[in-house]
Amino acid sequence: MARDLAFLFPELLLGATAMLMIVAEMARAARLVLAIGLAGLALSTLLTLQVLNADTTVFGGTYRIDLIAGWAKLILLPGTGLALLMARSEIAGQAREGSVYALICLVTLGALMLAGGGDMMLLVLGVVLTGLGSFALVAFPRDDAATEAAMKYLVFGAVTGSVMIYGLTFWFGGAGSTLFSELGMLEGKNLIAMVGLIAVIVGLGYKAALVPFHFWAPDAYDGAPVSVAAYLSVITKAAAFFAFAQVLRDLPPATGWPLVLALISAATMTYGYLAALVQTNLVRLIAYSSVAQSGYFLMGVVALGVSPMAVPGIILFAAAYVAMNLGAFAIVMGAGQTLDDLTGLGRTRPWAGVAMVVFLLSLTGIPPLFGFVGKVYLFTGAVEAGFLWLVVIGILNSVLALGVYLRIVVPMYRSADAPVAWNPSALLAGVLIVTTLITLVMSVFAGIFPT
Amino acid sequence: MPLLTLATFLPILGGLALMALPVRSARVAHGISIGVTGLTFLITVVIWSRGIVAGDFAQVEEIAWIPAIGAAYRLGLDGLSLPLVLLTSLLFLASAVYSARIGERAASYVVLMLMLETASLGTFMALDGLLFYVFFEVSLVGMYFMIAGWGYEERQRAALMFFLYTLLGSLPLLLAIIGLYLGSGTFDMRAWIGAPPLTGLAAMLALIAMLITFAVKIPVFPVHTWLPAAHVQAPTAGSVILAGVMLKFGTYGLVRFALQMTPDAFAQAGQVILAFGVVAALYGAFAALAQSDLKKMIAYTSVNHMGYVVIGVAVAALSLDPEIRVIALDGATLQMVSHGLVTGALFFLVGMLQDRAHKRDMADFGGLLTRVPWLGWTFILAAFASLGLPGLAHFPAEFQIFLATLNAAPWAIVAILAIVVTAGLYLRAIAAVFLGPENESWAAMPDLDRREKLAVVPLLILTILVGVAPGWLIDMIHTTMASLSF
């Protein structure tokens with residue numbers, strides 16, 4: 001018991017931090033809430049380093065302390081810290097400000113459970129915990145758009161969550177256990193395995209915004225504060241893919257699940273970029289681009305169990321994605337939410353322009369940026385798993401991606417008719433510096449990631 | 001001293017230093033640009049003096065990068081890459097000298113140029129598949145911003161076309177690199193060359209993927225359509241770098257990757273590749289003949305000249321006689337260098353004409369030779385070189401290529417027709433622009449100034465030197481080609 005708890009220090013600390021934050025919020029001390037949150041996240045990250053190389057389970061196999069869970073913490077906790085800083089610079093001084101910070105930390109706790117869960121019950125718990133907090137975060141502005149977005153998000157979440165729980169009962173019935181490690185028992189019971197798999201795809205696909213479960217994403221991101229959209233687009237999404245990795249690596253591949261996911265992956269990236277091509281609202285544009293990025297993430301899931309590149313690919317791409325997508329949202333926060341707001345930004349604010357170009361090219365997968373290294377891993381894994389056609393589609397979509405992102409870049413270097421609004425707070429500038437540096441130089445240090 | 005690394009990264013470091021400077025006037029920017037490219041050129045000359053070895057890569061520099069997947073930072077040189085490295089550092093120096101008059105956002109311009117130089121040198125020196133791809137793609141991004149930012153009227157469209165075309169073109173190479181990695185467990189290009197990891201269908205698929213990439217880059221008909229648009233709209237130095245350096249990525253890759261890493265598949269597909277080369281050479285010449293825009297005309301002659309390189313490489317793969325193979329590859333490699341020198345000079349000269357007249361249609365000029373003798377005679381010299389006159393740089397290269405062709409694949413000798421066409425089109429251009437009755441609108445046109453002479457004359461001196469006494473260059477190339485086993 002003591003041993004098990006020791007392995008859970010990062011999660012326990014984050015939970016305690018969130019509780020403390022709620023207490024501080026009761027005293028309406030928003031800055032204190034933020035300080036507690038940042039300190040808790042930092043300490044929790046440090047504690048993670050202690051268990052990073054462990055490969056074990058706690059509490060009877062229900063919770064995994066392994067490579068995926070360890071790196072998930074190392075990526076999601078600092079990512080949450082950056083999101084908190086972005087939120088602070090956007091909503092400082094507003095009522096209920098501290099609640100946002102507390103909710104963000106609670107959602108991240110749910111995300112860690114998704115990434116570490118080794119049991120169906122924990123998967124459900126993670127989905128519910130991330131979901132409940134997210135609905136409230138989206139509804140924060142309390143205007144019509146936010147309320148509508150939150151309602152859509154909630155209804156969609158409730159339905160997909162129920163479907164997932166329903167389907168998981170099949171797996172429980174077939175395998176005789178709720179542990180993922182027992183899913184091998186489904187060997188030969190293809191129908192049962194398939195029903196459960198579809199349920200998991202529905203539940204996690206909703207979290208990850210996979211086509212066709214993505215409809216909530218553009219509305220939710222658009223209705224929510226930009227910083228919350230940034231947070232949801234990276235942390236809960238990455239968590240969903242870590243969860244995919246935890247669930248599916250024990251499922252016998254004979255059930256044909258890799259092919260199902262490969263088809264969804266192809267549809268997701270293609271649809272995401274096609275839809276992004278026609279957006280003029282930057283938040284919606286990045287929302288659809290995030291949908292497309294989910295398709296690339298899923299390539300790593302497809303290769304699970306076959307290619308040794310799959311798990312490192314998901315981890316690397318998650319790290320890159322968190323940095324570059326947060327960065328792109330940070331620019332949107334500073335400059336404005338429509339394409340026109342960026343006109344001339346690159347000419348008048350060269351550093352902000354360079355940062356945005358770096359994020360967008362990295363999202364496209366242009367070397368030597370971080371996103372490229374992630375994609376190389378994902379592509380290699382998929383080829384090794386025999387999905388060459390999926391990689392070809394991924395490559396064709398990279399060209400589509402370039403079209404999407406150049407729609408942002410080109411006007412940035414046109415001369416502006418109106419003065420460019422660009423007044424980032426010191427916090428936002430800090431977030432931009434960190435995310436730009438990570439996107440720019442991490443490929444040089446890609447060797448530190450697990451393989 | 002890791003000179004290769006130094007030469008590769010000195011330009012980008014110069015660019016970063018410029019970005020960090022508080023004063024970024026045009027003067028400071030161009031000063032840094034000329035200083036850094038000059039120093040880089042000197043370093044490459046020292047690298048040249050250190051020499052290469054037969055049968056292997058020389059001066060290898062290696063540092064672990066992602067050890068778990070066998071990717072490392074590896075640089076090295078042989079007789080194929082060293083001439084191109086020297087050409088690259090020379091053309092960037094000449095471009096820096098020429099560009100010194102650019103005042104519009106000079107600092108950003110210089111930073112992009114320096115980034116391009118790092119990417120170009122890295123592409124030729126990389127000995128790691130992943131690293132090669134990184135440099136290869138960075139050059140794309142740099143050129144996109146160069147065309148989009150400093151080009152002419154239709155620059156946005158041309159830049160976008162260039163970027164989309166070549167990105168779509170280069171992604172298949174990534175597939176091939178992944179395939180080679182999965183076949184060998186490393187990204188070390190030396191290992192891929194030493195023992196080609198793919199065989200049969202996998203090798204053929206990898207070859208096709210590589211050919212798509214390099215065909216777009218070279219460019220070969222029918223995937224050349226981005227080239228005239230990009231060249232016409234690019235700023236002059238951009239055109240010089242694009243034609244002089246970046247087209248060589250395609251032919252370099254054709255030898256380094258396609259020929260050396262999938263040799264058997266290449267030999268099987270040899271006739272097809274040869275046919276593409278012949279069509280490109282002929283098509284480029286006839287398309288150039290149809291142009292009245294000088295810049296477009298020179299752009300199309302690039303398609304023609306690079307077609308000869310493709311012919312040379314294909315002949316080398318087809319021939320069973322080792323001597324003929326070496327002659328073909330020597331000629332093809334020399335042709336890359338010659339084309340860089342000659343076409344670089346031609347784009348400079350047309351750019352200089354355009355700086356003065358803001359026009360580049362032949363019909364708008366006439367009788368300029370008496371008005372601007374320096375511009376006129378240098379252009380005539382470069383044009384004669386480009387049409388393959390003996391004693392100038394293209395002749396020894398094309399001679400060797402056709403000699404080998406005649407031996408190994410006689411039918412392909414039809415490509416020699418293109419030389420006649422090129423001769424015709426250059427004579428027509430010279431007559432229209434520099435001879436005949438003088439067009440009075442240009443009575444006040446100034447001749448080349450010192451800066452312009454400094455940019456273009458060294459290229460022409462080398463053109464003559466390579467034409468008259470190509471030995472020093474061919475020996476270097478020959479050292480490697482004679483020991484190639486594929």
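The following paragraphs describe the chain interface, a helix pair and several backbone details of a predicted model.

The interface is a good place to start. Here 21 residues of chain A are in contact with 26 residues of chain B. On the side of chain A that touches chain B, helix H16 (370–384) and helix H17 (388–412) each supply at least two residues. H17(A) gives the most to this side, with eight residues. Sorted by class, the side of chain A that touches chain B has 15 nonpolar, five polar and one charged residues.

H16(A) deserves a closer look. At 1.5 Å a residue, its 15 residues should span 21 Å, and the end C-alpha atoms are 22 Å apart, which agrees. The helix is mostly covered, as 14 of the 15 residues of H16(A) are buried. After H16(A) comes Gly386(A), whose phi is positive, near 90°. The loop between helix H15 (350–364) and H16 of chain A holds Pro368(A), and a cis peptide bond joins this residue to Pro367(A), with omega about 0°.

Chain B offers a cis peptide bond as well, between Ile218(B) and Pro219(B), where omega is about -15°. Pro219(B) is found in the loop between helix H8 (200–217) and helix H9 (226–233) of chain B.

Within chain A, helix H9 (residues 216–223) packs with helix H12 (residues 282–302) at an angle of about 140°, and the two axes are 9 Å apart. H9(A) and H12(A) are therefore oblique to each other, since only angles over 145 degrees count as roughly antiparallel. The crossing of H9(A) past H12(A) is right-handed. From H9(A), the contact is made by Ala217(A), Pro218(A), Tyr221(A) and Asp222(A), while H12(A) brings Val283(A), Arg284(A), Ala287(A), Tyr288(A), Ser290(A) and Val291(A). Seven nonpolar, one polar and two charged residues make up this contact of H9(A) with H12(A).

Two non-glycine residues of chain A with positive phi complete the account. Phi of Ala209(A) is near 60°, although the residue is not a glycine. Ala209(A) sits in the loop between helix H8 (190–208) and H9 of chain A. With 29 other C-beta atoms within 10 Å, Ala209(A) is buried, because 20 or more are enough for that class. Arg142(A), also not a glycine, has a positive phi of about 65° and lies in the loop between helix H6 (120–138) and helix H7 (144–175) of chain A. Arg142(A) has 10 other C-beta atoms within 10 Å and is therefore exposed, the limit being 12 or fewer.

Key:
Residues numbered from 1 in each chain as written. Chains lettered and ligands numbered in written order. Predicted model: local features only at pLDDT ≥ 70, side-chain atom pairs only at ≥ 80, totals over all residues. Contact = placed C-beta atoms within 7 Å. Helix = DSSP H or I, 4+ residues; strand = E, 2+ residues; numbered from the N terminus. Nonpolar A, V, L, I, M, F, W, Y, C, P; charged D, E, K, R; others polar. Axes fitted to C-alpha atoms, helices over the stretch in contact; angles between N-to-C directions. Parallel < 35°, antiparallel > 145°, perpendicular 65-115°, else oblique. Left-handed = near helix turned anticlockwise from the far one by under 90°. Expected span 1.5 Å × (residues − 1).
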